[in-house]
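Biologist: I have a chain on screen and some questions about how its parts fit together. Shall we go through them one by one?

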Amino acid sequence: MTSQDATALILIVEDEAPQVEVLRYNLEREGYRIVVAMDGEEALEAVAIHHPDLAIIDWMLPQRSGVEICRHIRANVETQRLPIIMLTARGEESDRVLGLDSGADDYVIKPYSPREMVARVRALLRRTRPENDEGQIIFEDILLDIVSHKVTRGDKRIALGPTEYRILKVLMEKPGRVYSRERLLDRVWGSDIHVEDRTVDVHVGRLRKALKSTGGPDLIRTVRGSGYAIDNPDSI
Ligand code: CA
């Protein structure tokens, strides 16, 4: 799945322009897409707007520290699973511990080699990508096979239309994340096609019905006024 990893969108949160440029150069060369934030406010805005696949956050930032930003991201149900690499200066032993304590998945000590950073990014994306090596995404008892487009729940095959399949795939890639109708439209139909919000509801309804046909619990959560998520009701 290297090609899919390589198109991942990486958020760089760093206030020092030369540092940003080194990271940008090395990550873009590997095919990653980059979005940059210079401070905490910009970072949280970028997370909300661009939905990055991974964030590299510098510890030392003006106003909010990298750790604070990290905690914010972890405290929000929509972003809590965002893979985060914390950047920290050499020798800040307690900071390192705090960095991991704040919920960062990994940390890299400055000065670092760009090659190492790229390797860490690749490893973290691989560790946190939704599908396993067989190209399957699994959530609870639902198994979605990306290669064959087949969906099973328990042992039973679930017949889905292409739209319902795409909705399920989007939801299963980020369990717990709430997708607004607008965002589902973007991800499932594409942004240049006009589809009514109501159409989203209809297809989600069909998907819900198909998934429940095996007798299992309803894992599609409707968030009033916000949208939809796939969730285990016991874990909310
Ligand atoms: Ca900095």
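Biologist: At about what angle does helix 9 run to strand 11?

Modeller: Keep in mind that this is a predicted model. Helix 9 covers residues 197-212 and lies across strand 11 and strand 12. Its direction relative to strand 11 is about 145°.

Biologist: What is the strand order in the open sheet of three strands?

Modeller: Strand 10 (179-180) and strand 11 (220-223) stand at the edges, each with a single partner strand, so one side of each is left without a neighbour in the sheet. The pairing is antiparallel. The order is 10-12-11.

Biologist: Which residue of strand 12 stands opposite Tyr 179?

Modeller: Strand 10 pairs with strand 12, residues 227-230, in the antiparallel sense. Two bridges make up that pairing. Opposite Tyr 179 stands Tyr 228.

Biologist: Which helix lies across strand 10, strand 11 and strand 12?

Modeller: The helix in question runs at about 70° to strand 12. It spans residues 162-173. That is helix 7.

Biologist: How are helix 7 and helix 8 oriented to each other, roughly perpendicular or roughly parallel?

Modeller: Helix 8 covers residues 181-188, and its axis is 10 Å from that of helix 7. The two pack at an angle of about 115°. Angles of 65 to 115 degrees count as roughly perpendicular. Helix 7 and helix 8 are therefore roughly perpendicular.

Biologist: Is the crossing of helix 7 with helix 8 left-handed or right-handed?

Modeller: Start with the packing: the helix axes lie 10 Å apart at about 115°. Helix 7 then passes helix 8 in a crossing that is right-handed.

Biologist: How many residues in the contact of helix 7 with helix 8 are charged?

Modeller: Helix 7 brings Thr 163, Arg 166, Ile 167, Val 170, Leu 171 and Glu 173. Helix 8 brings Leu 184, Arg 187 and Val 188. Five of these contact residues are nonpolar and one is polar. The charged ones number three.

Biologist: How far apart are the axes of helix 8 and helix 9?

Modeller: These helices pack at about 75°. That makes helix 8 roughly perpendicular to helix 9. Their axes are separated by 9 Å.

Biologist: How many nonpolar residues are in the contact of helix 8 with helix 9?

Modeller: From helix 8 come Arg 181, Leu 184 and Leu 185. Helix 9 supplies Asp 197, Val 200, Asp 201 and Val 204. Three of the contact residues are charged, and no polar ones take part. The nonpolar count is four.

Biologist: Which residue in the turn between strand 6 and strand 7 has a positive phi?

Modeller: Strand 6 (residues 136-139) and strand 7 (residues 142-145) run antiparallel, joined by four bridges. In this pairing Ile 138 has Leu 143 as its bridge partner. The hairpin has two residues between its strands. With a phi of about 50°, the residue is Glu 140.

Biologist: Which residue of strand 8 is the bridge partner of Leu 143?

Modeller: Strand 7 pairs with strand 8, residues 151-153, over three bridges in the antiparallel sense. Five residues separate the two strands of this hairpin, and His 149 in the turn has a positive phi of about 60°. The partner of Leu 143 in strand 8 is Thr 152.

Biologist: What distance separates the centres of domain 1 and domain 2?

Modeller: The domain assignment gives domain 1 as 3-128 and domain 2 as 131-235. Their C-alpha centres are separated by 29 Å.

Biologist: How many residues does domain 2 give to the contact with domain 1?

Modeller: Domain 1 contributes six residues. From domain 2 the number is seven.

Note on methods: Residues are numbered from 1 along each chain as its sequence is written. This is a predicted model: local features need pLDDT of at least 70, side-chain atom pairs count only at pLDDT 80 or more; totals for chains, interfaces and linings use all residues. Side-chain values use heavy atoms; hydrogens and water are left out. Axes are lines fitted to C-alpha atoms, for helices over the stretch in contact, and angles run from 0 to 180 degrees between N-to-C directions. Angles under 35 degrees count as roughly parallel, over 145 as roughly antiparallel, 65 to 115 as roughly perpendicular and the rest as oblique. A crossing is left-handed if the near helix is turned anticlockwise from the far one by less than a right angle, and right-handed if clockwise. Contact means heavy atoms within 4.5 Å. Ala, Val, Leu, Ile, Met, Phe, Trp, Tyr, Cys and Pro count as nonpolar, Asp, Glu, Lys and Arg as charged, and the others, Gly among them, as polar. Two strands pair if DSSP finds at least two bridges between them. Domain bounds come from an automatic or database domain assignment.
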